[in-house]
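Reader: I've got a two-chain model open and I'd like to practise reading it. Could you walk me through it, feature by feature?

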Amino acid sequence: MDGQNCLVENDWVCAEYVRTRSQELIDATVQHVGITAASIVIGLAVALPLALLARRSKAFAGPVLGLTTVLYSVPSLAMFSLLLPLFGLSAALVVTGLVLYSLTVLVRNILAGLEAVPAEAREAARGMGYGPVRQLWEVELPLALPALLAGVRIATVATVALTTVGAIVDYGGLGGLIMSGLRSDFKAQVLTASVLCVLLAVVADLLLLALQRWLTPWTRIRSGRAPGVRTAKVVEPA
Amino acid sequence: MNALSEAFTWLTTAANWQGEKGIGHRLGEHLYFSGTCLAVACLIALPLALRLGHIGKGGALAVNISNVGRAVPTLAVLVLLTLTPLGRYGDLPTLIALVLFAVPPLLTNAYIGMREVDRAVVEAARGMGMSGRQLFLRVELPLAYPLIMTGLRSAAVQVVATATLAAMAGEGGLGRIITAGFSLQDTAQVVAGAVLVAALALLVEGVLVALGKVLDPMRGRALP
């Protein structure tokens with residue numbers, strides 16, 4: 001594994017590769033993080049109003065939950081391909097597809113969080129003269145925050161993995177390196193990009209966990225668990 | 001909307017259904033890959049999950065395996081397996097990847113289903129003198145059934161999706177119509193392939209939902 005040797009030998013692990021192509025790896029990672037972050041932020045911005053509407057009326061809740069579930073079953077390659085006529089070969093295509101996937105988890109978790117707000121807390125807020133907006137912002141959303149952030153964590157980890165499929169339209173972050181590594185039979189490139197991708201998911205998850213603890217210190221004091229949706233039942237599209 | 005009508009034209013052209021690259025053959029490959037791997041994954045995951053759930057051990061493993069499965073990109077696993085010596089054996093990398101990604105939802109859901117059976121019901125069954133085997137077959141299994149089916153449904157959808165991605169690693173299946181469309185810069189073909197894949201995924205899910213209801217052991221009985 002010394003010097004050029006591992007590049008010539010086409011070894012799986014090659015420090016020389018990481019050293020000489022570090023710029024390529026950094027660029028791909030930056031693109032990967034950018035696509036993931038944009039998808040989650042836009043996904044949250046869309047999911048929050050949807051969850052609020054779904055909570056307000058049962059007639060709206062059914063179609064929203066149904067539609068997001070159906071979207072979730074569509075394989076990622078098909079999802080990106082279906083968006084091709086609308087967006088062409090662009091990063092917007094990948095971000096849109098990932099936003100659609102993230103909605104399933106985010107809407108469900110936000111809704112579960114809001115519905116788990118104790119009726120007494122709501123009554124107390126109303127009794128203190130809170131209007132609906134202030135009640136939502138100062139009472140309900142903070143109490144729904146653990147469930148919301150649990151959803152963000154699941155969605156983020158899944159999105160990091162799914163971004164790789166964006167390589168089909170040349171906006172796949174590290175997925176692009178995986179695909180070009182496959183075409184040129186370049187083992188070190190495929191393995192390095194794959195490992196970076198998993199690391200990215202783990203780091204994002206840990207950062208969000210830290211954010212969750214910082215934003216919701218009360219969940220650590222109370223013995224009961226946060227009213228989160230059980231994560232194990234969620235399965236990712238591939 | 002133009003793209004959709006072109007895709008429809010592509011789908012209704014008889015020539016696109018025939019031959020080795022035609023829809024018929026690709027669909028056959030897809031169903032063969034998916035069906036085989038789902039069956040293998042069930043044989044691996046269900047006995048293990050039901051056993052662990054029955055004796056109440058290995059919970060951390062059962063739950064963590066699905067978290068790990070979520071963080072690992074399917075595409076990366078497909079490509080890595082293709083580049084290993086296994087890649088010389090044709091479809092083998094795809095088949096292995098399909099099984100790998102079908103196991104976590106099956107394992108986790110079946111395990112949770114077994115553990116969520118009301119402890120009072122289990123105690124009552126034991127009090128009535130049921131053996132471990134009777135308890136498993138007549139109490140735990142019927143009550144865990146809905147979640148076992150949820151796992152099966154998730155696994156099936158996952159398998160269909162992974163089989164699609166296999167095309168990006170150079171394997172067969174319906175995804176091949178999409179990737180071929182991309183390399184030909186033929187948007188109509190890309191959309192047509194995507195419609196086929198999406199329809200198949202939704203159809204599989206729908207069939208399993210219906211099947212789950214028909215086979216429900218608690219059907220027609222009052223819930224506890």
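Author: Sure, we'll go from confidence to folds, then to the contact between chains, the core and a few single residues. Keep in mind throughout that this is a predicted model.

Reader: Then let's begin with confidence. What pLDDT does chain A average?

Author: The general idea goes like this: where pLDDT is low, the predicted coordinates should not be read in detail. Chain A averages a pLDDT of 88, and 91% of its residues score at least 70. The stretch to watch is residues 225–235 of chain A, where the pLDDT is below 50. In the model that stretch still has 29 contacts beyond near neighbours in sequence.

Reader: Okay, I'll go easy on that part. How many helices and strands does chain A have?

Author: Start any fold by listing its elements in order. Chain A comes to 12 helices and 0 strands, so the string from the N terminus is α-α-α-α-α-α-α-α-α-α-α-α. Its C-alpha trace spans about 75 × 45 × 25 Å along the principal axes.

Reader: And what pattern does chain B follow?

Author: Chain B reads α-α-α-α-α-α-α-α-α, with 9 helices and 0 strands. The box around its C-alpha atoms is roughly 70 × 45 × 25 Å, again along the principal axes.

Reader: How do I get from a list of helices to a sense of how the chain folds back on itself?

Author: Look at how far apart in sequence the contacting residues are. Take the contacts with a separation of 6 or more: in chain A, residues 24 or more positions apart account for 73% of them. In chain B the figure is 72%. Then check burial: buried residues make up 45% of the 238 residues in chain A and 45% of the 224 residues in chain B.

Reader: Where does the UniProt annotation "domain: ABC transmembrane type-1" fall in each chain?

Author: Treat an annotation as a label from a record, then ask what the model shows over that span. In UniProt, an unreviewed entry puts "domain: ABC transmembrane type-1" at residues 29–208 of chain A. That span is 85% helix and 0% strand, and its end C-alpha atoms lie 18 Å apart. For chain B, the UniProt feature, also from an unreviewed entry, covers residues 27–208. Here the span is 82% helix and 0% strand, with its end C-alpha atoms 19 Å apart.

Reader: On to the interface. Which helix gives the largest share of the side of chain A that touches chain B?

Author: For an interface, count residues first, then see which elements supply them, then look at their chemistry. Here 36 residues of chain A are in contact with 43 residues of chain B. On the chain A side, helices H4, H5, H6, H9, H10 and H11 each supply at least two residues. H11(A) gives the largest share, 8 residues. By class, this side of chain A has 26 nonpolar, 6 polar and 4 charged residues.

Reader: What about the largest nonpolar core: which residues touch the most other members?

Author: With a core, find the best-connected members and then follow one of them. There are 133 residues in this core, and among those touching the most other members are Ile178(A), Ala41(B), Val79(B) and Leu98(B). Helix H7 of chain B, residues 132–165, gives the most to the core, with 15 residues. Now follow Leu98(B): leaving aside neighbours within four places in sequence, it is in contact with Phe33(B), Cys37(B), Val159(B), Thr162(B) and Ala163(B).

Reader: Last one, backbone angles. Where is Gln185(B) found, and is it buried or exposed?

Author: When a positive phi turns up, place the residue in its element and then check its surroundings. Gln185(B) has a phi of about 55° although it is not a glycine. This residue lies in the loop between helices H8 and H9 of chain B. Gln185(B) counts as exposed because it has 9 C-beta neighbours inside 10 Å, and the cut-off for exposed is 12 or fewer.

Reader: And Asn10(A): which loop holds it?

Author: Asn10(A) is found in the loop between helices H1 and H2 of chain A, and its phi is also positive, near 55°. Asn10(A) is partly exposed, with 14 other C-beta atoms within 10 Å.

Note on methods:
Residues are numbered from 1 along each chain as its sequence is written. Chains are lettered from A and ligands numbered from 1 in the order in which they are written. This is a predicted model: local features need pLDDT of at least 70, side-chain atom pairs count only at pLDDT 80 or more; totals for chains, interfaces and linings use all residues. A nonpolar core is a set of buried Ala, Val, Leu, Ile, Met, Phe, Trp, Tyr and Cys residues joined through C-beta atoms within 7 Å. A residue is buried if 20 or more other C-beta atoms lie within 10 Å of its own, exposed if 12 or fewer, and partly exposed in between; C-beta atoms are placed from the backbone. Helices (H or I, at least four residues) and strands (E, at least two) are DSSP runs, numbered from the N terminus. Two residues are in contact if their C-beta atoms, placed from the backbone, lie within 7 Å. Ala, Val, Leu, Ile, Met, Phe, Trp, Tyr, Cys and Pro count as nonpolar, Asp, Glu, Lys and Arg as charged, and the others, Gly among them, as polar. UniProt positions are given in the numbering used here, feature names are shortened, and annotations may be inferred rather than shown by experiment. pLDDT is the predictor's confidence in each residue, from 0 to 100.
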